[in-house]
Every structure is written in structure tokens, then in C-alpha cells.
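Here is a brief report on one protein model. Please keep the sequence and the 3D view open as you read.

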Amino acid sequence: GAIGLAAGHKAAEAKRKVVQTFREADDSSRYQAAMSDLTAGEMRSRMDQAVTLGPEKGVKPLDILHAQQTLAGRGVKKEFVEPFTEQLTDYARAMNTGMKEAATTLETILFSTSQHMETAGEARKAMQRQIDIAVKAAKVGGLDDIDIQMGAKFGAATGHTGGFRNETIFG
């Protein structure tokens, strides 16, 4: 009686959560496709990245999709979204922040300092370099992700225009 009712309630709640997660993943995937003019193959690649990279790096696949969506929404070239997302997992874990926040911070650093990238390989290398600089600055200066993000937003472009390298701006 009561045990069966409780088990049925738990099963219904679990089903609701699965449906909600699927719906969010589907919405994120469709939004990215519309924003970035993705082909079916590119959409599948993004979803595959979320499903494989998430558990591999200890991040929820839905958080991977949200990071991809954040990058796409901020105008990152569609060819760079997946390499950037892969690198973001390291930053998010090192800084103890969410994937969406990590995406916003690192995209701000890269584009406010006019990092030149033509290929996905260059994008991956540039992102890794910025992650190394940002994490080092945070650890040395006792900063968190918001501090790094605000420093990039309000100081990186000016410092870069003034001829300073990112190592100097954030170091």
C-alpha cells in the first residue's frame, strides 16, 4: 500500500525530471542551431560533445550545452564553440564556477584583447593560454571568476590597446 504509493511517486518525479532535462537540452540545441545556422551534423556534434565531455570532465551534459549556447549567443564563430567549450571545463573546475559563467568570462578576455584566431586549433590554443593566465592571476591575487570577468570587461581592452600583453594585464 503505502510503500507502493511512495515508490510510484518517486518514479513519477524521476520521470518528470528526465523529461525536463531532455526538454532543456532540446531547447538549447535548437536555439544554438537557429543562432549559428548549424547543420544537422553540427547539431549532432554539439550534442555528442555534451554527452561525452560532460561525464569525462565531471560536468553535467546540460551545463555543456548551456556553455555552448552562451558562446554562440555572444557571437563566437561556430567552428570555435566546441574547442572553446572543451577548454572551458578546465577553467570552470579550477575556478569553482559554472560553465555559463566560465564561457562569459573567457569569451570576454579573448575578444576584449583582440586575440587573432583563424582555425579551431588556434582557437583551442588561444583559449588554453587565456585560461592559464586567468587561473594564475586568480590564484596569485585571491580572485574569483567575477573578479577576472570584471577585470577583463573593464580593463583588458584598454590595457591591450595600450600595448600591454595579457600576462601583464592579468598577472
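## Helix α6 and its neighbours

Buried residues in α6 are Ala 123, Ala 126, Met 127, Gln 130, Ile 131, Ile 133, Ala 134, Val 135, Ala 137 and Ala 138. An α-helix has 3.6 residues a turn, so residues three or four places apart point the same way. The model is predicted.

Helix α6 covers residues 120-141, and its end C-alpha atoms lie 31 Å apart. That agrees with the 32 Å its 22 residues should span, because each residue should add 1.5 Å. Gly 142 comes just after α6 and has a positive phi of about 65°.

Helix α4 is set out beside α6 here.

| Helix | Residues | Number of residues | End-to-end C-alpha distance | Expected span |
|---|---|---|---|---|
| α4 | 78-95 | 18 residues | 25 Å | 26 Å |
| α6 | 120-141 | 22 residues | 31 Å | 32 Å |

A kink of about 25° is centred on Phe 84 in α4. Phe 84 is itself buried, and so are other α4 residues, including Phe 80, Val 81, Pro 83, Leu 88, Tyr 91 and Met 95. The buried residues of α4 pack against α2 (40-57), α3 (61-73), α5 (99-112), α6 and α7 (145-161). Asn 96 follows α4 and takes a positive phi, near 55°.

Now the whole chain. The protein has 8 helices and 0 strands. Of its 171 residues, 39% count as buried. Among contacts with a separation of 6 or more, 64% join residues 24 or more positions apart. The accessible surface is about 9,500 Å², and carbon and sulfur atoms hold 56% of that surface.

Terms used
Residues are numbered from 1 along each chain as its sequence is written. This is a predicted model: local features need pLDDT of at least 70, side-chain atom pairs count only at pLDDT 80 or more; totals for chains, interfaces and linings use all residues. Side-chain values use heavy atoms; hydrogens and water are left out. Helices (H or I, at least four residues) and strands (E, at least two) are DSSP runs, numbered from the N terminus. The expected span of a helix is 1.5 Å times one less than its number of residues. Buried means under 20% relative accessible area, exposed over 50%, partly exposed in between (1.4 Å probe, protein chains only). Contact means heavy atoms within 4.5 Å. Accessible areas come from the Shrake-Rupley method with a 1.4 Å probe; for residues, only the protein chains shown count as cover. The bend at a residue is the angle between axes fitted to the seven residues ending there and the seven starting there.
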